Amino acid sequence: MRRFRLSRPVALAWEHGLIRSGASVFDYGCGRGDDIRYLREHDVAASGWDPHYRPANPVEAADVVNLGYVLNVIENPAERADVLRKALAPARRVLVVAVRVDRGPLSGEAFEDGLVTSRGGFQKVYTQAEFLDYVESVCGCKPAPAGLGVAYVFKDPALEREYLARAALGRSAFGRRFTIAEFESSELGAAYLSFARKLARLPRPSEFPQFAALAERFGSPRRIRKLADAALDPAEIESLRLQKREDFLVCYGAMRLQGMRVTRAALLPAETQADIRSLWPSYRAARAEGERFLFSLGDPRQAAAAAQAASVGKRVAGSLYAHRSAEEQLPALNRLQLFAARQIVGDTEYDVLKLAADGQKVSFLRYPGFDNDAHPCLQSSLAVYLPRADYGFRDFSHSENPPILHRKDALVDETYPLYQKFAFLTRQEEKRALLSRPDIGRKRDWEKVLRQAGLEVRGHRLFRRKSWPAGP
Ligand SMILES: C[S@@+](CC[C@H](N)C(=O)[O-])C[C@H]1O[C@@H](n2cnc3c(N)ncnc32)[C@H](O)[C@@H]1O
C-alpha cells in the first residue's frame, strides 16, 4: 500500500522544525520509500535504505535519520539493538526512532519478547516507558519523547536545546505574541497604531478609513482593540517581561528535566541570554531561581494553587480546563507540568487541557469539533499521572452519550477569533438557566434538557424549537 502523506514520526520531526530547508534526511528501513518521495516533492534532500525494498542503496550520513517502525518488526533482540546503533551512526544532528506503542492489548501468540500476530508478522509492542528506557540504554543518552512511540536522540546539543525550549513553551507559545507582532508590523496595523498615538486613544472604526480592510485581516473591532491595546500599553510591556521571566524558568526546568546541565549562559540561545541579562543580576541568580522553580514541581499543592490562580480557562470541580490556544498563558508551573507530561507521552494532539484539582494529573482531551460544534463531544482523553510517570487512554469515539463541552468562551481568551460567537451562545444559555443544571454534561442528557425546554441550538445560537418531532 502506498501512502500519500508522511509517516507519523517524520511528520512530527517536520512539525517540530527538525526537518527544515537545507536539512538532509536518511530513512533507515524506509520500506517502499513513501517518506522519501514525499520529502523530495517538498524539496528536502532525502534518501534511504531497506534490506527488503532498497537493498542496493548506500547508507549515507544525514542531518536527520529516521528509523520508523523498524525495531518492532525485528524478532531477535540482539539484532534490534544492532539496528538502532547502525541507524544512530549516520545521524549528524538527530535520530528519529518510532516503534509501535499500543494503547490496548494486541492479540497474538507469544514469540521471543513479542508476539506473532494473526497476520503472521512479528511485533514487539512497547510501552512508552519501556521504549524510552530501551533507546536510552542502547544509545547511551536520554531521548526526548516526541509522541507516543516516537523519540528523538539528539547528537547536536544546540538543536536539542532549541527543540526543548520550543517544546517547553508549547506549540502555541509564540502564537499570541506573533499575532501582536504581525499586527504591529503590517502596514495597516502600523497606520492604525500611529493614528492612535496621535489621538492618544484608539480610533473608532469610523475614524479610520481602512478599518474594513483591517477587520478583514485581523478580525472583529473588539479583537483589533485588544491587539492594538497590547501593542500600545506599557502595562503590556511589563507583563511581557514577566512572561519572559516565566518562559526562562519553564525552559530551564525543561532542560533540567531532560537531564541537561546548563552551567553557562553561553550554552543558551542568544535571545535567551539577552533576556537573562535584562531580567536578573547574573546568570547564577537566574539559575538559582530556575532550580527553586524546578523543585516546586514536586509539590502538587503548588501546581494546584497555580492552576487556581490561572487567568485563563474555566474551573470545574476544582480542575482547570483550557483550550490549547491558551496554553501559553497558563502559569509557569503548570506549563512545566505540561512539559513533564509530554516527557511521558510526547507531543500529543489535543484541543483542551485539563489540570486536575490535586495537581498531579494532566489530561489531553480531543474535541475534533471544538470550533464548529456548539457543544463538541469528547473523542478521547489521554490522562498523564505525573508522580507515577504513567498514563491512561480513554476512547469515547463510539460512545452514544459522550461528555460534551459548554461555555467554550471560558476556555479560550478574548483574542481567539471565535470568542464572540462562543460567548454569545453562553449568554443565551445562561439567560435560560440551562448552564446551572447538573444534568447537562453528556450529549443525550443535554439534548433532553433542550427538548424539554422547547429549545434547539443551530450553529452557535439558541432558538425556540419550531415544532416537536413526530412521536413514534
Ligand atoms: C513497518 S515497515 C516501516 C517502513 C517505513 N519506515 C515506514 O515507516 O513506513 C518496517 C521496515 O523495516 C525493515 N526492516 C526489517 N528488518 C530490518 C533491519 N534489520 N534493518 C533495517 N530495516 C529493516 C523492513 O524491510 C520494513 O520495510
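## Side-chain contacts in a predicted model

Arg388 sits over the face of Tyr385, with 4.9 Å to the ring centre. Arg388 also meets Asp390 in a salt bridge, at 3.6 Å from N to O. Please keep in mind as you read that this is a predicted model. Across the whole structure there are 23 salt bridges, 16 aromatic pairs and zero disulfides. The points below walk you through some of these contacts, topic by topic.

**Arg388 and its surroundings**

- Arg388 is exposed, with a relative accessible area of 58%.
- Asp390, the salt-bridge partner of Arg388, is partly exposed at 32% relative accessible area.
- Another arginine over a ring is Arg458, which lies over the face of Phe463 at 4.1 Å from the ring centre.

**Salt bridges**

- Glu414 pairs with Arg222 in a salt bridge whose closest N and O atoms are 2.9 Å apart.
- Glu414 belongs to the loop between β15 (390-395) and α15 (419-431), while Arg222 belongs to helix α9 (residues 221-232), so this salt bridge ties together parts that are 192 residues apart in sequence.
- Both ends of that bridge can be placed by accessibility: Glu414 is partly exposed at 30%, and Arg222 is partly exposed at 33%.
- Arg437 and Asp439 form another salt bridge, with 2.9 Å between the closest N and O atoms.
- Arg437 is partly exposed, at 32% relative accessible area, and Asp439 is partly exposed too, at 31%.
- Elsewhere, Arg324, Glu349, Asp351 and Arg366 are joined into one network by salt bridges that share partners.

**Cysteines**

- Why is there no bond between Cys139 and Cys141? The sulfur of Cys139 has its closest cysteine sulfur in Cys141, 6.0 Å away, and that is too far for a bond.
- The view from the other side agrees: for the sulfur of Cys141, the closest cysteine sulfur is that of Cys139, at 6.0 Å.
- For reference, two cysteine sulfurs count as a disulfide within 2.5 Å.
- Cys139 is buried, at 14% relative accessibility, whereas Cys141 is partly exposed, with a relative accessible area of 28%.

**Helix α2**

- Which residues of helix α2 (residues 34-41) are buried? They are Asp34, Asp35, Ile36 and Leu39.
- These buried residues of α2 pack against α1 (8-15) and against the strands β1 (24-28), β2 (45-49) and β3 (62-68).
- Just after α2 comes Asp43, which takes a positive phi of about 65°.

**Aromatic rings**

- Tyr126 and Phe131 make an edge-to-face pair, with 6.1 Å between the ring centres and 65° between the planes.
- Tyr126 is buried, at 3% relative accessible area, and Phe131 is buried as well, at 0%.
- Tyr416 and Phe422 make a tilted pair, with 6.1 Å from centre to centre and 35° between the planes.
- Both Tyr416 and Phe422 are buried.
- One aromatic cluster brings together Phe183, Tyr192, Phe195, Phe208, Phe211 and Phe218.

**A look around Thr426**

- Thr426 is found in helix α15 and is buried, with a relative accessible area of 6%.
- Which residues does Thr426 touch, leaving aside those up to four places away in sequence? The contacts are Arg407, Lys408, Asp409 and Leu435.
- With Asp409, the contact is polar and runs from side chain to side chain, at 2.6 Å.
- Lys408 is 18 residues from Thr426 in sequence, and their C-alpha atoms are 7.9 Å apart in space.

**Points to take away**

- When you turn to the model, the Glu414–Arg222 salt bridge is one place to start, as a link between helix α9 and the loop between β15 and α15.
- Thr426 is a second place to look, where a buried side chain makes a polar contact with the side chain of Asp409.
- Arg388 is a third, with a ring under it in Tyr385 and a salt-bridge partner in Asp390.

Terms used
Residues are numbered from 1 along each chain as its sequence is written. This is a predicted model: local features need pLDDT of at least 70, side-chain atom pairs count only at pLDDT 80 or more; totals for chains, interfaces and linings use all residues. Side-chain values use heavy atoms; hydrogens and water are left out. A salt bridge is a side-chain nitrogen of Lys or Arg within 4 Å of a carboxyl oxygen of Asp or Glu. Helices (H or I, at least four residues) and strands (E, at least two) are DSSP runs, numbered from the N terminus. Buried means under 20% relative accessible area, exposed over 50%, partly exposed in between (1.4 Å probe, protein chains only). Contact means heavy atoms within 4.5 Å. Rings of Phe, Tyr and Trp (its six-membered ring) pair if their centres lie within 6.5 Å; planes under 30 degrees apart count as stacked, over 60 as edge-to-face and the rest as tilted. A charge sits over a ring if NZ of Lys or CZ of Arg is within 6 Å of the ring centre and within 35 degrees of the ring normal. A polar contact is a pair of N or O atoms within 3.5 Å; within protein, one must be able to donate a hydrogen and the other to accept it, and residues adjacent in sequence count only if both atoms are side-chain atoms.
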